[in-house]
Amino acid sequence: MGEKVFIFDTTLRDGEQAPGFSMTAEEKVQMAHQLARLGVDVIEAGFAAASKGDFEAVRRIAEEVKGPVICSLSRAIESDIEASAEALKPAERKRIHTFIATSEIHMKYKLRMTPEEVLERAKKAVSFARRFTDDVEFSCEDATRSEREFLYRVIEEAIKAGATVINIPDTVGYAIPEEFGRLISDIMNNVPNIDKVILSVHCHDDLGLAVANSLTAVKNGARQVECTVNGIGERAGNAALEEIVMALKVRKDFFGDLYTEVNTKEIYRTSRLLCMITGSFVPRNKAIVGDNAFAHESGIHQHGVLSNRLTYEIMNPEDVGFPTSRIVLGKHSGRHALKKKLEEYGIRYTEEDVNRIFEKLKDLADRKKEIYDEDVEALIYQEFMRVEEGEPVEVKHFQVQTGDNMLPTATVKLAFKGEEKTATETGNGPVDATIKAIQKALGTNAKLLDYSIKALTPNTDAQAEARVVLELEGVQASGRGVDTDIIKASVKAYVDALNRAILRKEYILQKSGLREEGTV
Ligand code: KIV
Ligand code: ZN
């Protein structure tokens, strides 16, 4: 049968920590159900001690999601470990993941601790965590910049204290594959009790080497890979789950009898669900899940693929669940087809949800001949993925005048926490004028970082999808809006991002006890 490589998914912890990827507890639960369907071995559901929201998300996932081991991160501090243990209580299978930095620079400047103190803390944390579960993972943060002999000692002692998984993070994405592979084989050869645990790796992508480093580690003895869907994560991100899993599957000739238990046919759906939830999409040329991953534009390539797929394709789109047919629902499709679609996306729904979306779908079908997957996704996003209760900004009405030989002018009427506001502005185009009018009405200092718009499908009656990334007083958020009208799509995306940023900012202020009401 071969040897298994365990897939530890940290999309909901390390992935979610990245600016623009924050998720509500409900969104995390939706995502965790899909990760279970994908067949990952471990879901790192959050950092229970970080906030009430994180605790709640871990607890709900522990309660509701069956199959994978549910894990919570904790610093090597008793109160963090207790919070993880409490949040994980309802889980069928639980893991506490505790960590402390072992590099000189982190110990000296961040922890202000001596190596001996770090060693003691690591041992204590692991044995304390073992009181709550017999599955304890220990990570040596910044392992790739740690002094070798010290690293071996910490690992050996953590195993003696009861760790069952030892994780080697390349925290700052500094490693080079050959060197990282050597580090893993050196650990295998120099830590006497290493055979008692699963050796894991956790690579960041600062030099674009996270996947390469993880794969080299596997080749050298690591049997757990920590990764995230679409490679989201701190700074440049983490190793992309879909790339690791498909590399191991497609290059069996190179990796030998190693295998994962991921159901690769769920990969594309999982990637899209994450995009819908976070409002942040992958580049067209992203490996495995990008729009162009299986597109053959040039004549030579098309000819080759038509004669024999293997000329230019190293895997089949079906292997990762990549859609091959585009039109999905028509004017006459029934509720049953819609329910099937919702299930395909891994969305949990009520009859009421189905009725509401069905009405919107019928309305769209009146305006648009054919409904594509992208249109249904857009509706799902609008109905399920918007910010939860109490969106602070609500657009009541807007009107734009534009044409040649005139200055585009927009008037907006909106409500901010129930209070009506109106404004008129001009701009160098209708979208510019409308967004400026919204900003003026709200008096917001939100900074637009990115704006893009594209047709979802290839016709003039297509829906346009606008995406916005903005920053509000240090808080980044992304939003998405879809409509057959490009200005409406842009307004929806802008307001979606703004609402997410406002709620996130309020949440951060609440946590720090500095709540500011009524400000944007
Ligand atoms: O990058 C890192 O070092 C981490 C650890 C907490 C595992 O995320
Ligand atoms: Zn990390």
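Two exercises on a predicted model follow, each with a worked solution.

Residues count from 1 along each chain as written, chains are lettered from A and ligands numbered from 1 in written order. In this predicted model, local features need pLDDT of at least 70, side-chain atom pairs need pLDDT 80 or more, totals for chains, interfaces and linings use all residues, and side-chain values use heavy atoms, without hydrogens and water.

**Exercise 1.** Describe the interface of domain 1 and domain 3.

Solution.
- Take the bounds: domain 1 is 3-283 and domain 3 is 393-509, from an automatic or database domain assignment.
- Count contacts (heavy atoms within 4.5 Å): 14 residues of domain 1 meet ten of domain 3.
- Compute the buried area (accessible area, 1.4 Å probe, that two parts lose on being put together, summed over both). The result is about 840 Å², with 42% from carbon and sulfur atoms.
- Split the share of domain 1: Ser-22, Gly-279 and Phe-281 supply 46% of the area it buries against domain 3.
- Check for salt bridges (side-chain nitrogen of Lys or Arg within 4 Å of a carboxyl oxygen of Asp or Glu). The count between the two domains is zero.

**Exercise 2.** Compare the burial of the partners in the salt bridges Lys-28 with Glu-16 and Lys-492 with Asp-483.

Solution.
- Set the classes by relative accessible area: buried under 20%, exposed over 50%, partly exposed in between (1.4 Å probe, protein chains only).
- Lys-28 and Glu-16 have an N to O distance of 3.6 Å. Lys-28 is buried at 1%, and Glu-16 is buried at 9%.
- Lys-492 and Asp-483 have their closest N and O atoms 2.9 Å apart. Lys-492 is partly exposed at 30%, whereas Asp-483 is buried at 9%.
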